[in-house]
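I opened this one with a fresh page and a cup of coffee. Here is what I looked up, entry by entry.

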Amino acid sequence: SVLHEGVLDPRHEIVEMEKLLRLLQLFCEGHHLTFQNYIREQADNWRSFNTVTEVAALVHELVIFNMTDDHIQTCIQAFETLSEFCQGPCVENQRTLVWANICTDVNQVFTVKYRDCDPNKVDRLRNTATGTLLSLLEATHSNVLPLQMVKDLNLEAIGNCLGKMAEAATTKAEGSSVEDQEEHVANVFNLFILLHMLEYWTHDPRIVEVLRNMPGVETFRSMLGSIEIARDNCVEKLYFCRPSTSAMLTKEKREAFLTEVNRESALAKLTDFYRQSETFIAEMEFASMAKAALEEYLPAVPPAGVPAKLYSAVRENLISRGIPVCETAMVTLGLLINIFLNVRELLLGPEEHPSAVGVLLSGAYLV
């Protein structure tokens, strides 16, 4: 083992290793199937090298090694490279990695504490390892690989890690930024999707139990979205995380899109969808911002003398309505300003374009 012989101890050796792994990753970028197959087998050479198994062997050496921050970064890059070897998918590379026992190496990632390493890097290592496992399940049409993966994976260790990660993600830590919180949620969600897919293909009761005991599991289930695509005469189901702003897309806007979209051809329909998507995204982001503002300025504790149940019901209704409430408030404010300016004009006499200001304010929300 080059690691145990100390060959990779010098920092410059680790950097060179990362560069090489990154280069291999870039060669396969964009689901380059030809190169994905070539790195596994070079039929045009008298001697062929299986680079997929070589990188898997490097991962094995890294995870059983007492890793430092430098080594853990190399391991992260190795998992990212393996993921790119399989995505697309490249079925032969998926099979090669599963039979190379990559799942047992992932067990080490979720079992070892890595106390000498940066916790953020450890989280990233586990997330990239999860991404590699997800790449093994991409576009699978049978349960052969999922069954072998479930057989090799330490579901108890993964479940324990998932529980701790989910608890941390659903509880906002003091001083943590919104970006950090979103990253924690994304890491948990990737692991949740992995277990969801494995449970779908294997119906393993251990996975069902892990998901049942997961903190905030219903929240993550509500975030789970899926689409079906047709490829190679087969229908595949793809899972993804719904963005938080998607909940703010109103029913009226959905129905309007279905009735107004250009259906003259497949190209016209796709083009029109992209054109309207910018408007949808802007409206959802505005609604999310309005909801956050209402949550901030409407205190959870009712004012003195106001019935708690009535106040809570009204507050939840206003927050859930989001955009309609803000639009109504803006229009009402604009009308009141116009009325005030017109009454002022009648009582004090005309001034230079007084009502134009009110018209501008009443229509400002449309700009």
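My entries below go through the hairpin, the cores, the salt bridges, the aromatic pairs and one loop residue.

**Entry 1: what I am looking at**

I am working from a predicted model. I keep that in mind for each entry that follows.

**Entry 2: the hairpin**

I began with the strands. E1 covers residues 224-231 and E2 covers residues 234-241, and I found them paired in the antiparallel sense. I noted eight bridges for the pairing. For one facing pair I looked up Leu224, which stands opposite Cys241 in E2.

How many residues lie between E1 and E2 in the hairpin? I found two, and Asp232 in that turn has a positive phi of about 55°.

**Entry 3: the nonpolar cores**

Next I looked up the largest nonpolar core, which has 64 residues. Which of its residues touch the most other members? Phe79 and Leu125 do. I then checked which element supplies the largest share of this core, and helix H10 (residues 178-202) does so with nine residues.

There is another core apart from this one, of five residues. Leu249, Phe257, Val261 and Phe280 are among them.

I went back to Phe79 for its contacts, leaving aside neighbours within four places in sequence. My list reads Val59, Ile102, Val106, Val109, Leu125, Thr128, Ala129 and Thr132. Leu125 is thus on the contact list of Phe79, and these two residues are also the ones I had noted for touching the most other core members.

**Entry 4: the salt bridges**

Side chains of opposite charge can pair when their charged atoms come close. I counted six salt bridges in the structure, and I looked at several in turn.

- Lys19 bridges to Glu16, with the closest N and O atoms 3.9 Å apart. The cut-off is 4 Å, so I count this pair as a salt bridge. Both residues sit in helix H1 (residues 11-27), and because they are three residues apart, about one helical turn separates them. Lys19 counts as exposed at 52% relative accessibility, while Glu16 counts as partly exposed at 44%.
- Arg95 bridges to Glu92, and here the closest N and O atoms are 2.9 Å apart. I place both in helix H5 (residues 91-99), three residues apart, which is about one turn of the helix. Arg95 is partly exposed at 38% relative accessible area, and Glu92 is partly exposed at 36% relative accessibility.
- Arg275 bridges to Asp272, with 2.4 Å between the closest N and O atoms. Both lie in helix H14 (residues 266-297), three residues apart, about one turn of the helix.

Is Asp272 buried or exposed? I found Asp272 buried, because its relative accessible area is 7% and the cut-off for buried is under 20%. Its partner Arg275 counts as exposed at 54% relative accessibility.

**Entry 5: the aromatic pairs**

I turned to the rings and noted six aromatic pairs. In one of these pairs, Phe27 and Phe35 have ring centres 4.7 Å apart. Their planes are at 40°, so I wrote the pair down as tilted. Phe27 is partly exposed at 40% relative accessibility, and Phe35 is partly exposed with a relative accessible area of 21%.

I also looked at Phe273 and Tyr274, whose ring centres are 6.0 Å apart. Why do I call this pair edge-to-face? The planes are at 65°, and the cut-off for edge-to-face is over 60 degrees. Phe273 is partly exposed with a relative accessible area of 37%, whereas Tyr274 counts as exposed at 52% relative accessibility.

Which residues form one aromatic cluster with Phe27? I have Phe35 and Tyr38 down for that.

**Entry 6: a loop residue**

My last stop was Asn154. Where is this residue placed? I found Asn154 in the loop between helix H8 (144-152) and helix H9 (155-170). Asn154 is partly exposed, with a relative accessible area of 31%.

I then looked up what Asn154 touches, not counting residues up to four places away in sequence, and got Asn107 and Thr111. Asn107 is 47 residues from Asn154 along the chain, and their C-alpha atoms are separated by 5.7 Å.

Technical notes:
Residues are numbered from 1 along each chain as its sequence is written. This is a predicted model: local features need pLDDT of at least 70, side-chain atom pairs count only at pLDDT 80 or more; totals for chains, interfaces and linings use all residues. Side-chain values use heavy atoms; hydrogens and water are left out. Two strands pair if DSSP finds at least two bridges between them. Helices (H or I, at least four residues) and strands (E, at least two) are DSSP runs, numbered from the N terminus. A nonpolar core is a set of buried Ala, Val, Leu, Ile, Met, Phe, Trp, Tyr and Cys residues joined through side-chain atoms within 4.5 Å. Buried means under 20% relative accessible area, exposed over 50%, partly exposed in between (1.4 Å probe, protein chains only). Contact means heavy atoms within 4.5 Å. A salt bridge is a side-chain nitrogen of Lys or Arg within 4 Å of a carboxyl oxygen of Asp or Glu. Rings of Phe, Tyr and Trp (its six-membered ring) pair if their centres lie within 6.5 Å; planes under 30 degrees apart count as stacked, over 60 as edge-to-face and the rest as tilted.
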